[in-house]
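Hi everyone, thanks for coming. Let me put the sequence and the structure up on the screen, and then we can walk through them together.

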Amino acid sequence: MDSTARPRGPHLEWTVVASDIGPLLLAATPEGLVRVEFHAGPHRVDAMIGPLVSRLGADARRPAPGGEVLLAEPVRQVAAYFSGALRRFELPLDWRLSSGFNRQVLQELDRSVPYGAVVGYGELAARVGQPGAAQAVGNAMGSNPLPLVVACHRVVENDGGIGGFGGGVETKRRLLALEGVLPQPLF
């Protein structure tokens, strides 16, 4: 899985980048960014890449740092986001890991909830024509293959609670603080 040889068939490129919230795994196909994973420490990467390769039916390639082709722009934009220089990711996205209602909700989130804003689970359900489907929206957020880029951390409970988050509630707090929704932690 660490091959630097260029694949001939269906392929994905992956790497791990440092961030303010810990290591992130980024994976892209020729169609676009396909996966973002939090907490991508060395002991977890193989467990993350194996199922992705199987699901996509693709060969995986991890280029040397700086040698990214498919991931050059995602790596640059992630760094710019954490430095405060980027407020909206402008990347092609490969949506194959999401379908149906989940994809509809995630695409609406990506389209309509900007940096520094939040939306309630119920409100997002109403925006996709499914009022009363707040729990299903929560499930869609939990299945998001592109967290951070498709900013599920911006979805909160309708009563003002922070809600859950696949990357952990503390990670969600830190992302919302970075975007100015919550105060920065004191330490």
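**Surface, fold and one annotated cysteine**

Let's start on the outside: the accessible surface of the chain is about 9100 Å², and carbon and sulfur atoms hold 52% of that. Areas here come from the Shrake-Rupley method with a 1.4 Å probe, and for residues only the protein chains shown count as cover.

A word on what we are looking at: this is a predicted model, where local features need pLDDT of at least 70, side-chain atom pairs count only at pLDDT 80 or more, and totals for chains, interfaces and linings use all residues. Residues are numbered from 1 along each chain as its sequence is written, and side-chain values use heavy atoms, leaving out hydrogens and water.

Now the fold. We have 6 helices and 6 strands, taken as DSSP runs numbered from the N terminus (helices H or I, at least four residues; strands E, at least two). In sequence order they run β-β-β-α-β-α-α-β-α-α-β-α.

Of the 187 residues, 48% are buried, meaning under 20% relative accessible area, while exposed is over 50% and partly exposed lies in between (1.4 Å probe, protein chains only).

So, which residue does UniProt list for "active site"? The unreviewed entry gives Cys152, though such annotations may be inferred rather than shown by experiment. Cys152 sits in the loop between helix H5 (134–142) and strand E6 (155–156), and counts as buried because its relative accessibility is 6%. Beyond neighbours within four places in sequence, Cys152 contacts (heavy atoms within 4.5 Å) Leu109, Met141, Asn144, Pro147 and Phe165.
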